[in-house]
Amino acid sequence: SNASAQHASELPTKIPKFDVPDLVSPSSSITFSEYFGGVGHATYAWKSMNFAPVTYFDSSLKKAFAYSDAYPHVPQWSDIASLTNGTSDFLDADKISDVVIAGAPCADHTHLNSYRDENSTRSRLIIDAVKLFLEGQHKIGVFEAVPAFTTAHDGRLFNEFMSLASPQYS
């Protein structure tokens, strides 16, 4: 139509050029921990850069074994409860990491799971992970969650997470 031809003529004929810098590895090693690390996506993604994993845990033994096979030099634990009750030396190793990458199980938050239980112990593992993060001297925490996490348990879980993660949040 005439209107679409006019619209097309208003589009720029040249796309402006801009420079995108190459990724540059940090000059000194950045240490990180993987909480509920699965098969080690962060460890794998950052292995060519100057990032060094210092601790790992996952409650899934199958994923933990896969990680252990690929990265046997990284100390790993499998049970978050033992990490926080004083029966593990995890805290000493973990507290020095610069960055924490946490991807707590989301099966009880996601709308894809018709059997989800937003009040389960497993749904609260992200709260346990942020508490564990706060015990360390980390510079950055990256917490992955599904969108439904913000409304799980009528938003109370998200509010608890935010009040722990940011004392200014209310």
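**Figure 1. The buried face of helix α6 in a predicted model.** In helix α6, the buried residues are Leu125, Ile126, Ile127, Ala129, Val130, Leu132 and Phe133. The model shown here and in the other views is a predicted one. With 7 of its 10 residues buried, α6 is largely enclosed by the rest of the structure. An α-helix has 3.6 residues a turn, so residues three or four places apart point the same way.

**Figure 2. Helix α6 alongside helix α7.** Two packed helices are described by the angle between their axes and the distance between the axes. Here the pair is α6, residues 125-134, and α7, residues 156-165. Their packing angle is about 0 degrees, and the axes sit 10 Å apart. Angles under 35 degrees count as roughly parallel, so that is the label α6 and α7 get. On the α6 side, the contact is made by Ile126, Ile127, Val130, Lys131 and Leu134. Facing them from α7 are Leu157, Glu160, Phe161, Leu164 and Ala165. Sorted by class, this contact comes to 8 nonpolar residues, 2 charged ones and no polar ones.

**Figure 3. A close look at Val130.** Val130 is part of helix α6. Its relative accessible area is 1%, so Val130 is buried. Which residues does Val130 contact, leaving aside its neighbours within four places in sequence? They are Phe143, Phe161, Leu164 and Ala165. Take Leu164: along the chain, 34 residues separate it from Val130, yet the two C-alpha atoms are 7.2 Å apart.

**Figure 4. A close look at Ile126.** Ile126 also belongs to helix α6. With a relative accessible area of 4%, Ile126 is buried too. Once neighbours within four places in sequence are set aside, Ile126 has contacts with Ala104, His109, Glu144, Ala145, Phe149 and Phe161. Phe161 is one of the α7 residues that meet α6, and Phe161 is on the contact list of Val130 as well. Phe36 is worth finding in this view: Ile126 and Phe36 are 90 residues apart in sequence, with 9.4 Å between their C-alpha atoms.

**Figure 5. The largest pocket and its lining.** The largest pocket holds about 370 Å³ of space. Its lining is made of 19 residues. Which of them lie nearest the centre? Look for Phe36, Gly37, Gly38, Gly103 and Glu144. Glu144 also turns up among the contacts of Ile126. Three elements, β1 (30-35), α2 (41-45) and β4 (99-102), each give at least two residues to the lining. By class, the lining splits into 9 nonpolar, 6 polar and 4 charged residues.

**Figure 6. His41 in helix α2.** His41 is a residue of α2, one of the elements that help line the largest pocket. Is His41 buried or exposed? Its relative accessibility is 58%, and the cut-off for exposed is over 50%, so His41 counts as exposed. For a distance to check by eye, the C-alpha atoms of His41 and Tyr67 are 9.4 Å apart, with the two residues 26 apart along the chain.

**Figure 7. Thr55 in strand β2.** Thr55 sits in β2, which covers residues 51-57. At a relative accessible area of 1%, Thr55 is buried. Not counting residues up to four places away in sequence, Thr55 touches Phe32, Ser33, Glu34, Val74, Pro75, Trp77, Phe90, Ala93 and Asp94. One of these partners, Val74, is 19 residues away in sequence and 6.1 Å away in space, C-alpha to C-alpha.

**Figure 8. Two positive phi angles ahead of α7.** The loop between β5 (140-143) and α7 holds His153, and Asp154 is found there too. His153 has a phi near 55 degrees, a positive value in a residue other than glycine. Asp154 is not a glycine either, and its phi is positive at about 55 degrees. How exposed are they? His153 has 26% relative accessibility and so counts as partly exposed. Asp154, at 68%, counts as exposed.

**Figure 9. The whole chain, for orientation.** The chain has 7 helices and 5 strands. From the N terminus, the order of elements is α-β-α-β-α-β-α-α-β-α-β-α. Of the 170 residues in the chain, 34% are buried. Among contacts between residues at least 6 apart in sequence, 52% join residues at least 24 apart.

Key
Residues numbered from 1 in each chain as written. Predicted model: local features only at pLDDT ≥ 70, side-chain atom pairs only at ≥ 80, totals over all residues. Heavy atoms only, no water. Axes fitted to C-alpha atoms, helices over the stretch in contact; angles between N-to-C directions. Helix = DSSP H or I, 4+ residues; strand = E, 2+ residues; numbered from the N terminus. Parallel < 35°, antiparallel > 145°, perpendicular 65-115°, else oblique. Contact = heavy atoms within 4.5 Å. Nonpolar A, V, L, I, M, F, W, Y, C, P; charged D, E, K, R; others polar. Buried < 20%, exposed > 50% of the residue type's maximum accessible area, 1.4 Å probe, protein only. 1 Å grid on protein atoms, 1.4 Å probe; cavity = no way out; pocket = protein on both sides within 12 Å on 5 of 7 lines; lining within 4 Å. Points joined across faces, edges and corners; volume = space filled by probe spheres on them.
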